[in-house]
Amino acid sequence: MASGRGSVQMTEAEIEEFLTANMKVQVATIGPDGTPHLTTLFYVVEDGRIAFWTYGASQKVVNLRRDPRISCLVEGGEDYFELRGVSIRGTARLIEEYDDIRALGAKVAQRMAGGADLGAFGDEIVEKQARKRVGIVVEPHKVASWDHAKMAGPPGSGDGSSSPAEKPDQEPKKDTTEAP
């Protein structure tokens with residue numbers, strides 16, 4: 001059995017399923033002073049890549065025009081053994097042709113609406129918004145993933161045991177070292 005990071009890593013198929021099942025991505029760009037600028041956006045997956053649209057005058061677009069490096073995080077779960085996520089570091093490719101922005105915006109809007117057909121009114125809103133927006137496709141350089149449901153036991157146990165939920169009588173290991 002794999003241990004450490006490898007034991008919780010998702011397969012390519014699991015990553016695709018996870019990204020397709022979620023709608024919000026946390027996006028980090030590099031601000032003018034070098035600090036991270038972090039936002040959350042709705043996205044779609046196109047050809048295995050995260051894609052979204054945002055206002056062309058937004059700080060994230062200003063940042064990406066200066067430095068196209070981008071990091072994205074899609075995560076889920078409440079309890080420790082439910083935590084799942086995909087972290088992507090890459091380069092942003094800006095989409096600035098109106099028809100391409102409109103097509104991407106329509107996909108994002110439809111996804112936000114649970115797949116419902118937004119009709120003529122939805123098309124009109126997307127068409128107006130597309131004039132103010134830029135599309136962004138994340139070209140991945142490094143992808144990391146985790147699914148804590150795959151853990152064999154509590155972090156650091158190394159005993160191959162099942163998760164604590166399956167072994168309620170197990171006492172946590174106590175730290176017997178003294179503080180300096």
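1. Let me start with Leu118, which is partly exposed, with a relative accessible area of 34%. Leu118 belongs to the loop that runs between α4 and α5 (119-130). Its C-alpha is 9.0 Å from the C-alpha of Ala106, with the two positions 12 residues apart in sequence terms. Keep in mind throughout that this is a predicted model.

2. Staying with α4: Met112 sits in this helix, which covers residues 98-112. Met112 is partly exposed as well, at a relative accessible area of 43%. On the surface, Met112 joins Met23 and Phe42 in a nonpolar patch, and together they offer about 240 Å² of accessible area.

3. Now for strand β4 (residues 49-55). Of its 7 residues, 5 are buried, so the strand is largely enclosed by the rest of the structure. On one partner, β4 pairs with strand β3 (residues 44-46) in the antiparallel sense, over 3 bridges. Glu46 is the residue opposite Arg49 of β4. The hairpin made by β3 and β4 has 2 residues between the strands, and Asp47 there has a positive phi near 50°. If you run backbone checks, that is the residue I'd look up in this hairpin.

4. β4 also pairs with strand β7 (residues 133-147): the two run antiparallel and are joined by 5 bridges. Here Phe52 stands opposite Ile136 of β7. As a reminder for reading the side chains, in a regular strand they alternate between the two faces of the sheet.

5. Which arginines sit over rings? Two cases are worth a look. Arg133 lies over the face of Trp53, with 4.5 Å to the ring centre. The charged end of Arg131 is placed over the ring of Tyr98, 4.6 Å from the centre of that ring.

6. What about rings against rings? The count comes to 1 aromatic pair. The partners are Tyr80 and Phe81, arranged edge-to-face, with 5.5 Å centre to centre and 85° between the planes. The label follows from the angle, because planes over 60 degrees apart count as edge-to-face. Neither ring's residue reaches the buried class: Tyr80 is partly exposed at a relative accessible area of 39%, and Phe81 is partly exposed at 23%. For Phe81 the cut-off matters, because buried means under 20%.

How values were computed: Residues numbered from 1 in each chain as written. Predicted model: local features only at pLDDT ≥ 70, side-chain atom pairs only at ≥ 80, totals over all residues. Heavy atoms only, no water. Phe/Tyr/Trp six-rings, centres within 6.5 Å; stacked < 30°, edge-to-face > 60°. Buried < 20%, exposed > 50% of the residue type's maximum accessible area, 1.4 Å probe, protein only. Lys NZ or Arg CZ within 6 Å of the ring centre and 35° of its normal. Patch = residues over 30% accessible without salt bridge, like charges linked within 9 Å, V, L, I, M, F, W, Y side chains within 5 Å. Areas by Shrake-Rupley, 256 points an atom, 1.4 Å probe, with all protein chains shown as cover. Salt bridge = Lys/Arg side-chain N within 4 Å of Asp/Glu carboxyl O. Helix = DSSP H or I, 4+ residues; strand = E, 2+ residues; numbered from the N terminus. Pairing = 2+ DSSP bridges.
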